[in-house]
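Me: Please take a close look at one chain of this model and at the part of its partner that touches it. I would like a single connected account rather than a list.

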Amino acid sequence: MGNSRMKCRKCGRPAAINMRRHKLALCDECYPAWFRGQVERTIRQFGMLAPDDRVLVAVSGGKDSLSVWDVLLRLGYHAEALYIDLGIPDGGYSTESKVRALRFAEARGAVCHVVSVRDRYGLSVPELAMRRGRGHKVCSLCGLVKRHIMNGFAWEGGFSVLVTGHNLDDEAAVLMQNTLTWQPGYLARQSPVLPADSEGLARKVKPLCLMYEREVAAYALVCGIDYIQDECPHAVGARTLFYKEILNQLEQRSPGAKAYFFTQFLRAKQSGAIRFVEGEEVALHACERCGQPTTAPGLCAFCRLWQSDTQGDEG
Amino acid sequence: MVVVRYRGKEYELKPGMTARDAILKLGLDPEAVLVLRNGKLVDDSAILEDGDEVTIVAVVSGG
């Protein structure tokens, strides 16, 4: 202990993390307060949360969601959590991640709701993917299932806002993917705040969207947050990981490159320097089965997934 | 010797190198990992000493 060449900028103790993009090294005692201050600033900057909001945090048992929940509780928000049990059996992944989410809640006297996909709908996510013949697309199907359950739970539970743990690396990777493939619809929608602009849609915010993934992991480790470190077995080879790798190579050569890429995009959109021509306003309908908003009349993409006699295409 | 653990595997490295040297020695990206020495988070410039137990933690997730 103590043989670090780099010292904490605030107190002079050995540094625990050096953030080259900020030219800032901090020790394990000064870092958590700095991190929480940064998140608080992001919440203010984008008008994400009000003090009296009833907040629902979507937690996976991973570093990002548990860290953002930790920060919100420490900042005094009324924040409950939702853990969605996807039923991923490989190496006990779902069991291990659920245990971590529930332990976290118990240690802080906080509420963590659990929804099991299998208990509620009859099949786990991998089983559903197999049945739909989309074994190779588990991640997109999983995303659809999670978004539907999170939105429905937040809306029906009377929560005023849904918080997710997306960090800057997540956002930059999505931005890179959507830019390289020129997806104006997705680019127009990418934002730290997604408003509840229709009946049945929960407002969604991402308080960690300006924090690097490495900084979030450092926060979790320094604060002793026991999170699941194993990657979801289905994420191996995921395209997001490939884009993150490229972005980290850029960051290695040019500290701050990832943040610049994402924040300048947001700035350009906000100032009107980049504009996406609005298409015709898409009318939303209530799904015939679940009532959640959907673009096409009839069943929403989620409910179509569970029909045994049709293709489970997304829409 | 310095014992370094990463993703369930163990490596033995010579003392005196920095945490960053250890990361590079294992062929990892310094932007994508963090280093715990004897359970404490250390920055890349920390010098690893004989008997240190080091864990390299991957920080990237996605799907």
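Reply: Chain B contains one helix and five strands (DSSP runs numbered from the N terminus, with H or I over at least four residues for a helix and E over at least two for a strand). The model is predicted, and local features are given only where pLDDT is at least 70 and side-chain atom pairs only at pLDDT 80 or more, whereas totals for chains, interfaces and linings take in all residues. Residues are numbered from 1 along each chain as its sequence is written, and chains are lettered from A, and ligands numbered from 1, in the order in which they are written.

Along the sequence, the elements of chain B come in the order β-β-α-β-β-β. For its 63 residues a compact globule would have a radius of gyration near 11 Å, and the 11 Å of chain B agrees with that (taken over C-alpha atoms, the rule being 2.2 Å times the number of residues to the power 0.38). Along the principal axes, the C-alpha atoms of chain B fill a box of roughly 40 × 20 × 20 Å. Of these 63 residues, 37% are buried (20 or more other C-beta atoms within 10 Å of the residue's own, against 12 or fewer for exposed and anything between for partly exposed, with C-beta atoms placed from the backbone). Among the contacts in chain B with a separation of 6 or more, 51% join residues 24 or more positions apart (a contact has backbone-placed C-beta atoms within 7 Å).

The partner, chain A, has 12 helices and 10 strands. Its radius of gyration of 20 Å is close to the 20 Å that the globule rule gives for 315 residues, so chain A is as compact as a globular protein of that length. The C-alpha trace of chain A spans about 65 × 45 × 40 Å along its principal axes, and 38% of its residues count as buried. In chain A, 63% of the contacts with a separation of 6 or more are between residues 24 or more positions apart.

Where the two chains meet, 32 residues of chain A are in contact with 21 residues of chain B. On the chain A side, β1 (17-19), α9 (213-222) and α10 (239-253) each supply at least two residues. That side is made up of 16 nonpolar, nine polar and seven charged residues (Ala, Val, Leu, Ile, Met, Phe, Trp, Tyr, Cys and Pro being nonpolar, Asp, Glu, Lys and Arg charged, and the others, including Gly, polar).

One of these elements, α9(A), is mostly covered, with 10 of its 10 residues buried; among them are E213(A), R214(A), E215(A), Y219(A) and V222(A). Just after α9(A), G224(A) has a positive phi of about 70°.

Within chain A, α9(A) also packs against helix α2 (residues 63-74), at an angle of about 65° and with the axes 9 Å apart (axes are lines fitted to C-alpha atoms, for helices over the stretch in contact, and angles between N-to-C directions run from 0 to 180 degrees). From α2(A), K63(A), D64(A), L66(A) and S67(A) take part in this contact, and from α9(A), V216(A), A217(A), Y219(A) and A220(A). By class, the contact of α2(A) with α9(A) holds five nonpolar, one polar and two charged residues.

Elsewhere in chain A, the axes of helix α7 (residues 168-180) and helix α11 (residues 257-271) come within 9 Å and cross at roughly 70°. There, L168(A), D169(A), E171(A), A172(A) and L175(A) of α7(A) meet K258(A), A259(A), F261(A), F262(A) and F265(A) of α11(A), and the residues of this contact divide into seven nonpolar, no polar and three charged.
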